[in-house]
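Hello,

Here is the structure I promised to pass on. My notes follow below it.

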Amino acid sequence: MIELNKKIRIAIVLDENNANAHDLILEAFLEPEILEMFTPVVYGSLHMLKQESTRLQIRYNAQIVGNASQANPDALNFVDVACRNVVEVVKREFEADLLDAFVVVPMSRDVANQLRNVVIPNPVVKREVSDMKAIPLICSDQLRVAYVVTNGNDVAGITTDSIETKARVLHSTMRRDLRQDNPRVAILSLNPEIKTDEDSVEIQVIAPAVSKLVNTGIPVFGPYAYADFFESGKHLDFDAVLAMTCEQAQAPFLSMYEGNAIALAAGIAPLVISPVKLDGDNNATVDSFREAIYTVIDVYRSRFYFDLPYANPLPKMYHERREDGEKVRFAVKKRTGEEGEEKKEDKKEDKKEDKKEDNSQTPKEGEK
């Protein structure tokens with residue numbers, strides 16, 4: 001188990017062919033005060049870092065290390081992974097319990113998907129396998145949006161079960177990662193306006209999913225027409241939003257936040273967060289990069305405190321039905337039952353004594 005006040009080690013994974021990713025490192029760590037919050041271990045190309053440092057005329061103050069075990073807690077540590085498989089390198093580091101979480105700076109989708117499959121040991125309790133199912137959650141300071149399908153043409157992937165599954169993962173992520181005790185989730189429609197005919201997706205698929213979730217105690221609302229949902233400010237009444245497609249989820253960030261956001265792999269044991277620029281150039285800004293780092297720290301500690309009560313739970317002090325395999329620790333007798341039985345026994349004894357007295361007082365035939 002980790003120490004509560006320990007500086008966590010965050011792996012920052014760069015695309016060795018992406019110059020912008022190395023620029024972010026040079027600009028974000030200009031102020032040394034940021035190193036007081038965590039220990040960064042950067043995995044990238046040392047040649048690219050030197051090249052960008054010369055171009056931007058920014059002197060890099062990085063300590064070159066072979067792996068995370070050599071990392072200096074108070075310095076920017078850099079691991080040169082040029083001509084190596086960065087996924088395999090990071091995977092070995094996490095399996096050796098040398099890292100706690102990682103930030104993925106924009107890179108190819110294939111590499112990012114491989115990194116999401118890296119299993120990070122939980123510092124408190126072992127999570128279930130179902131937690132490995134991840135959904136992308138795009139976040140900003142006032143908006144958190146997840147989506148059901150990536151391709152808007154994949155209408156077949158929008159089913160009642162898929163909506164229900166994504167909504168449950170989103171609700172759990174809001175509670176465990178973002179410290180929302182009872183998050184309110186809005187579910188959007190597939191069409192710009194809600195169609196009321198019986199064959200529409202809103203009536204046949206989305207509405208039944210909302211009913212199932214509500215019946216199980218998850219506070220979801222909708223479906224809402226996404227055409228004016230964000231423009232009218234309705235999203236401010238909810239803690240998170242579940243859109244049907246990726247285009248619906250990205251639209252409010254492009255219009256209201258100039259494309260700057262962070263992407264969290266929700267519902268997955270590895271903590272994967274990346275700064276994103278949703279304008280097609282795949283280049284993140286320094287502000288979104290810093291926000292991704294701060295979010296990693298907050299989410300990591302939030303997960304710790306959420307999982308802590310489950311690490312060593314108190315044993316049950318009562319025996320339930322269907323738990324025949326468990327031993328009863330305390331056999332607590334019901335007072336009402338015992339009193340009732342005693343009263344019944346007392347009444348029976350009183351009746352017997354009354355009969356004996358009546359028999360003794362009644363004269364026999366020979367005595368008359």
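**What turned up**

His171 sits in helix α5, which spans residues 160-176. Keep in mind that this is a predicted model. The relative accessibility of His171 is 11%, so the residue counts as buried, the cut-off being under 20%. Leaving aside residues up to four places away in sequence, His171 touches Asn182, Pro183, Ile218 and Pro219.

Leu170 is also worth a look. With the same sequence neighbours left out, namely those up to four places away, Leu170 touches Ile135, Leu137, Ala146, Val185, Ala240, Val241 and Leu242.

**Cores**

Leu170 is among the residues with the most contacts inside the largest nonpolar core. The others named there are Ile12, Phe29, Ile163, Ile187, Leu242 and Phe289. That core has 62 residues. Its largest share comes from helix α8, residues 286-311, which supplies eight residues. There is also a second, separate core of 17 residues. Val13, Ala68, Val90 and Phe94 are included in this second core.

**Helix α3**

Which residues of α3 are buried? They are Val86, Val87, Val89, Val90, Glu93 and Phe94. These residues lie on the same side of α3, because they cover an arc of only 165° around the axis. The general rule is that an α-helix has 3.6 residues a turn, so residues three or four places apart point the same way. Two of the buried names, Val90 and Phe94, appear again in the second core.

**Backbone points to check**

Just after α3, Asp97 takes a positive phi of about 60°. Asp97 is not a glycine. Its place is the loop between α3 (86-95) and β5 (101-104). Is Asp97 buried or exposed? At 54% relative accessibility, Asp97 counts as exposed, because the cut-off for exposed is over 50%.

Arg179 is another non-glycine residue with a positive phi of about 60°. Arg179 lies in the loop between α5 and β8 (185-188). Its relative accessible area is 54%, so Arg179 is exposed.

Where is the cis peptide bond? It runs from Gly222 to Pro223, with omega near 5°. Pro223 is found in strand β9, residues 220-224.

**In brief**

His171 in α5 is buried. Asp97 is exposed, and Arg179 is exposed. The Gly222 to Pro223 bond is cis.

Best regards

Terms used: Residues are numbered from 1 along each chain as its sequence is written. This is a predicted model: local features need pLDDT of at least 70, side-chain atom pairs count only at pLDDT 80 or more; totals for chains, interfaces and linings use all residues. Side-chain values use heavy atoms; hydrogens and water are left out. Helices (H or I, at least four residues) and strands (E, at least two) are DSSP runs, numbered from the N terminus. Buried means under 20% relative accessible area, exposed over 50%, partly exposed in between (1.4 Å probe, protein chains only). Contact means heavy atoms within 4.5 Å. The arc is that of the directions from the helix axis to the C-beta atoms. A nonpolar core is a set of buried Ala, Val, Leu, Ile, Met, Phe, Trp, Tyr and Cys residues joined through side-chain atoms within 4.5 Å.
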